Amino acid sequence: MVKNFIYFLVFVLAIIAAAELIGIQAISIGSMTISMLPLVFAIAIAMILALPFLRKGILKKIYSKKNVDFASKYLIFIMLPLMARYGSDVAPQIREILQVGWVFIIQEIGNLGTVLIGLPIAILIGLRREAIGATLGIGREGELAYISEKYTLESPEGRGVISLYVIGTLFGTIFFSIFAPILLDFGFRVEALAMASGVGSGSMMSAASATLVARVPEMESTILAYASASQLLTSFIGTFTMVFLAAPLQQFMYKYLVRGDKK
Amino acid sequence: MSPTMRRYVRYALVLLLSVALILFAQEIKLIKNPDSTPITSMTFVGLGILWLFSFIGVIIADLMKLVPIKVIRDFPILGWVSITSLTMCLVSDFFVEAIQAVDFLAITTPILTVAGISVANRLVDLRKTSWKVAIVAVFVFAGTYVCSALLAQLGLFLAGN
């Protein structure tokens with residue numbers, strides 16, 4: 001058992017080393033540049049090697065139940081130093097942030113985009129009550145708790161939110177690290193994109209802001225400060241936005257969108 | 001050792017593992033790119049401070065569980081750590097300087113490695129999720145990001161900044 005944990009540690013070091021040695025890779029598609037950071041390679045390698053058909057011999061020992069449980073139980077603690085780092089990014093810029101404080105609050109309302117854009121698409125491709133769970137938010141713990149309390153997780157709504165949770169957990173960081181710089185190419189200001197990065201998931205925010213930093217390194221301190229300040233705000237008022245704005249808007253739009261369904 | 005004590009020791013060790021992995025990532029990063037953030041004595045101080053603030057945040061989160069206000073009880077540990085660190089960094093620039101000696105991207109790589117391993121057994125759950133939700137997920141993630149960015153862009157424009 002202790003031996004398996006040592007395998008686990010060596011494996012983690014090996015993936016970090018591999019990811020860092022691959023480094024930052026820029027892929028150009030037309031006029032767009034997608035930069036892949038070591039963090040993307042790290043999660044990709046760790047997930048690919050975990051595919052069930054590869055899990056033999058040493059990999060089976062590395063991905064033992066104990067080790068995987070350890071990783072998921074303590075992931076949040078592994079993340080804490082990153083959150084502490086954000087304090088040092090926000091502090092020197094606190095004045096500027098407070099000056100445009102209202103912009104931070106306004107852009108929180110943008111989190112309704114999950115409903116505004118996600119819900120019509122979901123209805124269009126034939127989802128019904130699952131769509132409630134799948135579009136209320138980005139499917140993190142907050143939405144999971146809300147949906148399970150209101151509908152239970154066995155309901156269609158529950159299935160929707162769990163599916164989104166799984167997809168977000170697996171691909172959320174990769175998605176945001178690719179998507180954020182694409183918007184940069186569409187002409188968005190990097191400050192606005194940094195602010196928008198506080199979507200409510202620590203790892204997704206880090207992925208989005210980290211690729212922005214890779215693209216505009218001279219703005220590193222501003223990007224990290226804005227992203228983490230917005231993330232902090234989301235963790236404070238995100239629940240309120242969900243309960244008092246997203247959920248009622250969703251109910252209203254849902255009734256309107258499925259009204260043609262009856263009989 | 002009491003169970004609470006033992007729990008804290010475990011947290012302390014996991015946090016130690018976390019900062020050790022960051023140091024390792026920064027070291028490898030330097031091999032790949034000698035121009036990246038150098039490892040100096042300040043880096044070690046910075047890592048120690050990150051460890052300390054994280055640990056303080058954990059304790060605060062635990063204490064706040066006793067507060068009768070739901071929002072405060074439910075506030076994530078991640079948030080408490082940010083607030084602890086922000087407060088301390090506002091108090092003294094020394095903390096800022098030390099923490100900034102730790103490479104930002106080197107902090108993210110170990111986290112995503114552990115995140116990748118932690119989802120290993122959920123890969124099979126993917127089969128249970130419908131492809132429809134996968135399509136919706138793209139629009140949900142893109143939707144929240146684009147809408148927030150649009151509002152932020154507009155806001156910054158109106159703020160004349």
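## The A–B interface

Chain A and chain B bury about 8900 Å² between them in this predicted model. Carbon and sulfur atoms account for 81% of that area. On the chain A side, 108 residues take part in the contact, and chain B brings 87 residues to it.

## Polar links between the chains

So what do the two chains share in the way of charged pairs? The count between chain A and chain B is one salt bridge. Its partners are A:Glu20 and B:Lys29, with the closest N and O atoms 2.9 Å apart. Polar contacts add to the picture: between chain A and chain B there are 20 residue pairs of this kind, both residues at pLDDT 80 or more.

As for where chain A makes its contribution, helix α4 (residues 65–90) of chain A gives the largest share of the side that touches chain B, with 22 residues. Sorted by class, that side of chain A holds 79 nonpolar residues, 21 polar ones and eight charged ones.

## Two domains in chain A

Now for chain A on its own. Chain A splits into domain 1, covering 1–82, and domain 2, covering 90–263. Taken over C-alpha atoms, the centres of these two domains of chain A lie 25 Å apart.

The domains do touch: 14 residues of domain 1 of chain A are in contact with 17 residues of domain 2 of chain A. Together they bury about 1200 Å², and 78% of this comes from carbon and sulfur atoms. On the domain 1 side, A:Met32, A:Ser35 and A:Met47 lose the most area to domain 2 of chain A, together making up 32% of what that side buries.

## What holds the domain 1 side of the contact

How many salt bridges does the rule find across the interface of domain 1 of chain A and domain 2 of chain A? Zero, as it turns out, for that interface. The tally of residue pairs in polar contact across the interface of domain 1 and domain 2 of chain A (both at pLDDT 80 or more) is zero as well.

In terms of secondary structure, β2 (32–36), α2 (38–48) and α4 of chain A are the elements that each give two or more residues to the domain 1 side touching domain 2 of chain A. Strand β2(A) supplies the largest share of that side, five residues. By class, the domain 1 side that touches domain 2 of chain A has 11 nonpolar residues, three polar ones and no charged ones.

Conventions:
Residues are numbered from 1 along each chain as its sequence is written. Chains are lettered from A and ligands numbered from 1 in the order in which they are written. This is a predicted model: local features need pLDDT of at least 70, side-chain atom pairs count only at pLDDT 80 or more; totals for chains, interfaces and linings use all residues. Side-chain values use heavy atoms; hydrogens and water are left out. Contact means heavy atoms within 4.5 Å. Buried area is the accessible area (1.4 Å probe) that two parts lose on being put together, summed over both. A salt bridge is a side-chain nitrogen of Lys or Arg within 4 Å of a carboxyl oxygen of Asp or Glu. A polar contact is a pair of N or O atoms within 3.5 Å; within protein, one must be able to donate a hydrogen and the other to accept it, and residues adjacent in sequence count only if both atoms are side-chain atoms. Helices (H or I, at least four residues) and strands (E, at least two) are DSSP runs, numbered from the N terminus. Ala, Val, Leu, Ile, Met, Phe, Trp, Tyr, Cys and Pro count as nonpolar, Asp, Glu, Lys and Arg as charged, and the others, Gly among them, as polar. Domain bounds come from an automatic or database domain assignment.
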